[in-house]
Amino acid sequence: MNDIDGGKSLALAGSMGKSLRWLAVLMVIPLIAVIGALIAVRMSGTLPKAAFMPAVLLLAPTIIAITTMVVIRSLRRAGVSIDQGELVINIGIGRAKRVRLSSLRAHGLQTVDLDERKELKPLIRTWGTSLPGFSAGWFRLRNGEKAVCVLLDRRRVSYLRSDEDNLSLLLSLAEPEKLRALLER
């Protein structure tokens with residue numbers, strides 16, 4: 001069992017492929033809008049100054065590319081690990097949330113389907129990243145609980161409660177039994 005203690009990652013269940021496809025679509029839309037606006041201005045005959053056009057043509061794609069890189073970095077950094085007796089949840093942006101395993105033991109780990117347990121579904125994101133097929137960050141659940149989530153697969157979610165700070169954790173773990181074994185020690 002010690003093989004995952006000491007900074008080892010717990011694999012996430014699900015794929016980020018769907019989220020990356022949505023991200024590509026969402027980043028292309030502003031680019032098309034800028035190009036459309038430039039074509040409309042050109043066709044209307046009210047051309048802006050010559051220096052304005054190259055600036056817009058360079059600035060819009062640059063902003064879109066930087067935004068895309070930040071979101072992709074966030075997606076890649078998201079994960080869950082065990083380190084020195086703590087569960088470490090990295091939501092991709094900001095600092096990772098660390099929760100002592102001892103504060104999770106009383107409630108244990110439940111594996112839930114969020115389609116069946118609707119009261120545990122994230123309702124309001126207060127900090128983090130959400131795309132279709134991916135949610136990571138701080139949320140308010142439908143039942144009012146404050147939660148940290150890393151969700152890829154919503155049909156098999158590891159649900160934990162921390163006594164330490166009255167916090168819920170919703171995690172898409174590929175092998176929740178590894179974490180369950182650590183909690184039962």
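This tour moves through the structure from the whole chain to selected strands and side-chain pairs.

**Before selecting anything**

The model is predicted, so local features need pLDDT of at least 70, side-chain atom pairs count only at pLDDT 80 or more, and totals for chains, interfaces and linings use all residues. Residues are numbered from 1 along each chain as its sequence is written, and side-chain values use heavy atoms, with hydrogens and water left out.

**Stop 1: the whole chain**

Display the full chain as a cartoon. Its secondary structure comes to four helices and 10 strands; helices (H or I, at least four residues) and strands (E, at least two) are DSSP runs, numbered from the N terminus. Followed from the N terminus, the elements run β-α-α-β-β-β-α-β-β-β-β-β-β-α.

Next, view the chain along its principal axes, where the C-alpha atoms fill a box of roughly 75 × 35 × 25 Å. The radius of gyration of the chain is 21 Å, whereas a compact globule of 185 residues would have one near 16 Å. That radius is taken over C-alpha atoms, and the globule rule is 2.2 Å times the number of residues to the power 0.38.

Switch to a surface display. The chain exposes about 10300 Å², of which carbon and sulfur atoms supply 59%; these areas come from the Shrake-Rupley method with a 1.4 Å probe, and for residues only the protein chains shown count as cover. Of the 185 residues, 39% are buried. Here buried means under 20% relative accessible area, exposed over 50%, and partly exposed in between (1.4 Å probe, protein chains only). Among contacts between residues at least 6 apart in sequence, 53% join residues at least 24 apart, a contact being heavy atoms within 4.5 Å.

**Stop 2: the four-stranded sheet**

Select β1 to β4. These strands form an open sheet in the order β1-β2-β3-β4, with antiparallel pairing. Two strands count as paired if DSSP finds at least two bridges between them. The edges are β1 (8–10) and β4 (97–100), each of which pairs on one side only. From one strand to the next, the twist averages 30°; the axes behind this angle are lines fitted to C-alpha atoms, for helices over the stretch in contact, and angles run from 0 to 180 degrees between N-to-C directions.

Now narrow the selection to residues 79–83 and 86–90. These are β2 and β3, paired in the antiparallel sense over five bridges. Within this pair, S81 stands opposite V88 in β3.

**Stop 3: strand β10 and its partners**

Select residues 167–171, which make up β10; five of its five residues are buried. Show the side chains: L167, L169 and L171 point one way, while S168 and L170 point the other way.

Add residues 146–151, strand β8, which runs parallel to β10 and is joined to it by four bridges. C149 is the residue to pick here, as it stands opposite L170 in β10.

Then add residues 157–162, strand β9, which is antiparallel to β10 and joined to it by five bridges. R161 has S168 of β10 as its bridge partner. The hairpin of β9 and β10 has four residues between the strands, and N166 in the turn has a positive phi of about 50°.

**Stop 4: salt bridges**

The whole structure holds 10 salt bridges, each defined as a side-chain nitrogen of Lys or Arg within 4 Å of a carboxyl oxygen of Asp or Glu.

Select K97 and D165, whose closest N and O atoms are 2.9 Å apart. K97 lies in β4 and D165 in the loop between β9 and β10, so this pair ties together parts that are 68 residues apart in sequence. K97 is buried, at 19% relative accessible area, and D165 is partly exposed, at 25%.

Move to R155 and D153, a salt bridge with its closest N and O atoms 3.9 Å apart. R155 is exposed, with a relative accessible area of 60%, whereas D153 is buried at 18%.

Then select E177 and R156, which form a salt bridge with a closest N and O distance of 3.9 Å. E177 belongs to helix α4 (residues 176–183) and R156 to the loop between β8 and β9, so the pair ties together parts that are 21 residues apart in sequence. E177 is partly exposed, at 41% relative accessible area, and R156 is partly exposed, at 36%.

Finish at D83, E86 and R98, which are linked in a network of salt bridges.
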